[in-house]
Amino acid sequence: MVTGGSGFIGSHLCERLLAEGCEVLCVDNFCTGLPENVAHLLNAQPTFELRKADVANFLFVPGPVDVVLNFASRPLPPTT
């Protein structure tokens, strides 16, 4: 599982993990990442799943998760 997986670093990490033969669950709420960063993986890689979710809230993931790589960023405070 890669949280923040649609960000710059997370999306490249998803690509690398898939190239190494891993199954990847990409979780992002898209507050700073873009779904376009991983869109090319959705149909090209059957072992890739993209889920829109906020990791600050409860997230149910069926089955075992071997590793969680957390690249989710905290939202920036509002500017005044």
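## A tour of the sheet, one loop serine and the cysteines

Begin by selecting residues 24–28 and 48–52, which are strands β2 and β3, paired in the parallel sense over five bridges. Strands here are DSSP runs of E with at least two residues, helices are runs of H or I with at least four residues, both numbered from the N terminus, and two strands pair if DSSP finds at least two bridges between them. The model is predicted, so that local features need pLDDT of at least 70 and side-chain atom pairs count only at pLDDT 80 or more, while totals for chains, interfaces and linings use all residues. Residues are numbered from 1 along each chain as its sequence is written, and side-chain values use heavy atoms, with hydrogens and water left out.

Next, show the side of β2 that faces β3: Val27 stands opposite Arg51, and Asp28 has Lys52 as its bridge partner. On the way from β2 to β3, select helix α2 (residues 39–44), which completes a right-handed β-α-β unit with these two strands; right-handed means that, with the strands pointing away from the viewer, the path from the first strand over the helix to the second runs clockwise.

Now add β1 (2–3) and α1 (8–19). β1 and β2 run parallel and are joined by two bridges, with Thr3 opposite Val27, and β1, α1 and β2 make another right-handed β-α-β unit. Zooming out, you see an open sheet of four strands in the order β3-β2-β1-β4, with parallel pairing; its edge strands, β3 and β4 (69–70), each pair on one side only.

Return to β2 and display its side chains. Val24, Cys26 and Asp28 point one way, Leu25 and Val27 the other, and all are buried, buried meaning under 20% relative accessible area, exposed over 50% and partly exposed in between (1.4 Å probe, protein chains only). In a regular strand the side chains alternate between the two faces of the sheet.

Then select Ser6, in the loop between β1 and α1, which is buried with a relative accessible area of 0%. Beyond residues up to four places away in sequence, Ser6 touches (heavy atoms within 4.5 Å) nine-residue surroundings that include Cys26, Asp28, Phe30 and Asn37.

Finally, colour the cysteines. The whole structure holds zero disulfides, a disulfide being a pair of cysteine sulfur atoms within 2.5 Å. The sulfur of Cys22 is too far for a bond, because the closest cysteine sulfur, in Cys14, is 11 Å away. Cys31 is in no disulfide either, with the sulfur of Cys26 nearest at 13 Å; Cys31 is partly exposed, at 44% relative accessible area.
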